[in-house]
Amino acid sequence: MRSDVTAVKQLFTGLVSSLGRETATRELKWMKQTLIASHSPTLPAMLQRRLSGEPLQYILGTTPFGPLDLLTRPPTLIPRPETEDWTLRLADMLTPTPLRPLTVLDLCTGTGCIPLLLCHLWPPGSTRAYGIDVSQDAIRLAADNAARCNIPSSQPSSLTPYSQNVFIPMLGDLRDPDVFKSLLPPFDIITANPPYIPKREYDELPVSVKDYEDPAALLGDLPDSEEQDGLSFYRLISQLLRQKGMLRDGSIVALEVGRAQADAVEGILQQSAGLRNTQVWKDPWNVKRVVLARA
Amino acid sequence: MSSPEDITRARQLKELEPLHEAWSNWTHARQSLEETLPLMQDPDPTMRTLASEEFTSLTHTLSTHISTTFPSLLVPPSSTRDLHALLELKAGVGGSEAALFLLDLLRVYVRYAGSVGWRTSIIQSSETESGGMRDAILEIKGEGAYDALRWESGVHRVQRVPATESSGRTHTSTVAVIVLPLSEDAESVSGNDELFKMEDVKVEVMRARGAGGQHVNKTESAVRLTHTPTGITVSMQDERSQHQNKRRAFQVLRARLMDVKLSQDIANRRATRRNLVRTADRSEKIRTYNYAQDRVTDHRIGLSLMNLTSFLEGDGVQDFLDALRRNWQEEIMEDVVGESE
């Protein structure tokens, strides 16, 4: 016990010099709170991991997302506050009801944070959401998160009417033309936080991102793409959106983008998906963060 | 099923209960007294003694009703009786010693709330390296918490030899306490009610995140609200969730605005009536905790408790809260009597 205290002190001092006193103090408090709840790792072990650069969310195992508390597991991308902000805004914008339900498709769903928050906030029986991801880890985590949020993650039998919102995570690759075969388009809402970091920026990322989170969730340049602007996935998504029957009149597309990408993505949506009615949302840090299009 | 009318009626009934109880006790005692009087002339000496004892006890009951029970019914029911409370504590002069004393005071309020059956949670705190707290906000959920604790607002002064002081010299440090009213729906993030308009509140997230988004996975959940008309600002960063910090910040903002509104109501009333409730000046020193003399003194009512430990570790705070409530009721009673003259 004694050595623990000394170790914690030393590690904490290290954390203070790497994060600043205020942040380090808060993170220590959150680690202690997690310890009280779980008992598994020890405080020195947690501090040691944090000091080596591991994201706090992987160490604690959860992250808040709106009113939800979602599981976080390496290497699946940790939900960001920017995504939380625009998802809450999107949820506020629409009011589906069990009589006028909405179908949601979330591409590159990761932890499932976007569709889960929508399912949580909208009235029971008003929302049926699908989440696609290329990573088996992400799909497993998304299903675990659905269970954690008490949202069913399998197709309800067609005999029973929907009394709950449903979120179904599915393994799939956006490059596969048949990826939506088993789903039921058209979709009322298509959301995505696709990988958008250009290769040259990826190389400069902080350790906590680059060394711990899935490159496949971050790198916006596909190996075979000519352009290295981080926009490969927006071009892919636009092709999908152009497919007949994907959208109906009034459907909404909301795509998160990286800094300085909003204008280019707006252009891609207008030109290759034919969505003329677009607008851009800023995040709370005043960065253009979401391109919104209406079919 | 209870309609709003039913609830209002039930509340009225509940409010009339003390009046009804006082009156039936009074009539019952008077009736007994009338029955006792003839027995005091009874030929049997035992009976006479019993009757005489009964007479003394009943006379006492009746005079208590006249001197205390009936006048206290003149105090109108408090308009803030349902409210919960937020306690804001800030270390004043005295550096780390003040921060340590803040923690002592915080424990007193947490334990007191627990003994009454109220739920508490520390929604904001900044700990110092010496193990104290520079400031803290304590949420106390329970009906009547605000009414019971509101007199704790003011500067609390401690005189003691700090644990850190080797020369044994007595230090004087202070902690400022502000008790704010908290309503049930205070956590709502939407505005546009009697307290504020949403367009008057500027919501800011703290610190730049650079590129933000996928580029950064640092936890940045701090939120600051500014209420433009009053200039009140609230910062919250204790929760990992920005959403939660925002809810908490709105809760504190609402409590502060309601506090401003209540103070204005009192000031307005004071302008028309005689000087009613004591000054709401929070910079005033209200209480001294003197360790050398093992004494707590409330300067407003001149009450001293000669057992500091019972205040810090026991239920001594109750004595002060009771005395302050009585003092306040007496002021109101005087005021009501003064008005009718």
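## Close-up views of a predicted two-chain model

**View 1. A:Leu116 and its neighbours.** A:Leu116 touches six residues beyond its closest stretch of sequence: A:Leu68, A:Asn145, A:Ala146, A:Cys149, A:Ile151 and A:Phe167, with residues up to four places away not counted. This is a predicted model. A:Leu116 also belongs to the largest nonpolar core, a set of 62 residues. It is listed there among those with the most contacts inside the core, together with A:Ile237, A:Val253, A:Ala254, A:Leu255, A:Val265 and A:Val291. Which helix gives the most to this core? Helix α6 of chain A does, spanning residues 113–121 and supplying six residues. A second core is separate and has 56 residues. Its members include B:Tyr146, B:Ala148, B:Val158 and B:Ile286.

**View 2. Helix α12 of chain A has a buried face.** This helix covers residues 262–272. Its buried residues are A:Ala262, A:Val265, A:Glu266 and A:Leu269. Seen down the helix axis, they fall within an arc of 105 degrees, so they line one face of α12(A). Residues three or four places apart in an α-helix point the same way, because each turn has 3.6 residues. What do the buried residues of α12(A) pack against? Their partners are α11, β7 (247–256), β8 (277–282) and β9 (288–294) of chain A. Now turn to the other side of α12(A): A:Asp263 and A:Gln271 are exposed there. Just after the helix, A:Gly274 takes a positive phi of about 70 degrees.

**View 3. A:Leu236 in helix α11 of chain A.** A:Leu236 sits in α11, which spans residues 232–242. Is A:Leu236 buried or partly exposed? It has 18 other C-beta atoms within 10 Å, and a buried residue needs 20 or more, so A:Leu236 is partly exposed. Leaving out residues up to four places away in sequence, A:Leu236 touches A:Leu174 and A:Arg175. A:Ala273 is 37 residues apart from A:Leu236 along the chain, and their C-alpha atoms are separated by 10.0 Å.

**View 4. Strand β7 of chain A and its two partners.** Seven of the 10 residues of β7(A) are buried, so the strand is largely enclosed by the rest of the structure. Strand β6 of chain A, residues 187–192, runs parallel to β7(A), and five bridges join them. Here A:Ile190 stands opposite A:Val253. That valine is also listed with the most-contacted members of the largest nonpolar core. β9(A) runs antiparallel to β7(A), again with five bridges. In this pair, A:Ile252 faces A:Arg294.

**View 5. Strand β5 of chain B and its two partners.** β5(B) covers residues 171–182. Strand β1 of chain B, residues 84–91, pairs with β5(B) in the antiparallel sense over eight bridges. B:Leu87 stands opposite B:Val179. Strand β4 of chain B, residues 154–160, also pairs with β5(B) in the antiparallel sense, over seven bridges. There, B:His156 has B:Val175 as its bridge partner.

**View 6. Where chain A meets chain B.** How many residues does each chain bring to the contact? Chain A brings 30 and chain B brings 19. On the chain A side, α2 (21–38), α4 (56–60), α5 (81–93) and α9 (207–210) each supply at least two residues. By class, that side has 16 nonpolar, five polar and nine charged residues.

**View 7. The domains of chain B.** Chain B is divided into domain 1 (4–73), domain 2 (84–184 + 285–340) and domain 3 (198–271). The C-alpha centres of domain 1 and domain 3 of chain B lie 53 Å apart.

Terms used: Residues are numbered from 1 along each chain as its sequence is written. Chains are lettered from A and ligands numbered from 1 in the order in which they are written. This is a predicted model: local features need pLDDT of at least 70, side-chain atom pairs count only at pLDDT 80 or more; totals for chains, interfaces and linings use all residues. Helices (H or I, at least four residues) and strands (E, at least two) are DSSP runs, numbered from the N terminus. A residue is buried if 20 or more other C-beta atoms lie within 10 Å of its own, exposed if 12 or fewer, and partly exposed in between; C-beta atoms are placed from the backbone. Two residues are in contact if their C-beta atoms, placed from the backbone, lie within 7 Å. Ala, Val, Leu, Ile, Met, Phe, Trp, Tyr, Cys and Pro count as nonpolar, Asp, Glu, Lys and Arg as charged, and the others, Gly among them, as polar. A nonpolar core is a set of buried Ala, Val, Leu, Ile, Met, Phe, Trp, Tyr and Cys residues joined through C-beta atoms within 7 Å. Two strands pair if DSSP finds at least two bridges between them. The arc is that of the directions from the helix axis to the C-beta atoms. Domain bounds come from an automatic or database domain assignment.
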